[in-house]
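I opened the model today to look up strand pairing, cysteines and nonpolar cores. My notes follow in the order in which I checked things.

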Amino acid sequence: EPLSADIASDDCWHLISDQVQTEGWLREDGRIALLATSQTGSDHCFFQVRQIIPFLAGLQGQLVLHASAVHVQGNVYAFIGESGAGKSTLVKALTVSGTIPVADDLLAVACDHQNPVAFTAGTDLCPPQQVPVCSILFLSRADNLDQPALEQINSKQFLLLLFRHGFSEMSIHRLWKFQLELYGRLAKEVTAFNLVMPDSLALLPEAASQLCLQLRSLKRESA
């Protein structure tokens, strides 16, 4: 059904941009979304909801990163990359190597603590909690590698990469300001790395095992 013209004239609602690939409106407080669709099916509904979650969270003063993540010895390590970079596949491989999965695609982060923390869901191994974010790793793949390659980046590079991979499609000034402030805090308080993984799935289990050891080493260095 077409969305009501009354909503379009109401300052309490924001039009969802065409770039988000979802038609609809978000209420100013981020608590209600009205979505229009000509398709049916749970997969399409899931896609629509996933598209707008970061914006609803932002309107509520919460930051959501397009990232997968794992929990290692009291710290969260997040992986950000282009779609298809292998974020979900890497988390599955790291789980086999002994880490606890935290996020597959969207990671909620709070920066109103002394250190940024991620919100982890409860599992049989770990109850729900807020865990410090130790590092953010920007993921890519290369076919000429047989092991992980880590390179630390400076805060300026970190900030630029956060914006490149962030959710900034909607032209809402408050969201842009909010993202800028929280990205700035992340860039100051969290270490960041470029992570290049082998492109071969056959090499992934061993590479993930090596990366798991490197993550544990990063924790010791930051302690």
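Which residue in strand 7 does H66 stand opposite? I looked it up and found L106. I note here that the model is predicted.

**Strands**

I then took the pairing around strand 7. Strand 4, residues 63-72, and strand 7, residues 106-110, run antiparallel and are joined by four bridges. Strand 7 also pairs with strand 8, residues 117-120, again in the antiparallel sense, over two bridges. Within that second pairing I looked up A110 and got V117 in strand 8 as its bridge partner. I add one general reminder for reading these strands: side chains in a regular strand alternate between the two faces of the sheet.

**Cysteines**

How many disulfides does the structure hold? I recorded zero. I checked the burial of two cysteines as well. C111 has a relative accessible area of 6%, which is under the 20% cut-off, so I entered C111 as buried. C212 comes out at 3% relative accessibility, so C212 is also entered as buried.

**Cores**

Next I went to the nonpolar side chains. The largest nonpolar core contains 28 residues. Inside this core, L65, L107, I136, F138, F158 and L186 have the most contacts. I listed the elements that supply two or more residues to it: strand 4, strand 5 (75-80), strand 6 (100-103), strand 7, strand 9 (129-142), helix 4 (155-165) and helix 5 (173-189). Which element gives the most to this core? My entry is helix 5, with five residues.

I picked F158 for a closer look. Leaving out residues up to four places away in sequence, F158 touches I136, F138, I153, L186, A187, V190 and A192. Apart from the largest core lies another one, of 22 residues, and I noted Y77, A93, F193 and L215 among them. For context, nonpolar side chains tend to be buried together in soluble globular proteins.

**Whole chain**

I closed with totals for the protein chain. I counted six helices and 11 strands. Of the 223 residues, 43% are buried. For contacts between residues at least 6 apart in sequence, I have 66% joining residues at least 24 apart. The exposed area of the chain is about 12000 Å², and carbon and sulfur atoms supply 51% of it.

Technical notes:
Residues numbered from 1 in each chain as written. Predicted model: local features only at pLDDT ≥ 70, side-chain atom pairs only at ≥ 80, totals over all residues. Heavy atoms only, no water. Pairing = 2+ DSSP bridges. Disulfide = S-S within 2.5 Å. Buried < 20%, exposed > 50% of the residue type's maximum accessible area, 1.4 Å probe, protein only. Core = buried A, V, L, I, M, F, W, Y, C linked by side-chain atoms within 4.5 Å. Contact = heavy atoms within 4.5 Å. Areas by Shrake-Rupley, 256 points an atom, 1.4 Å probe, with all protein chains shown as cover.
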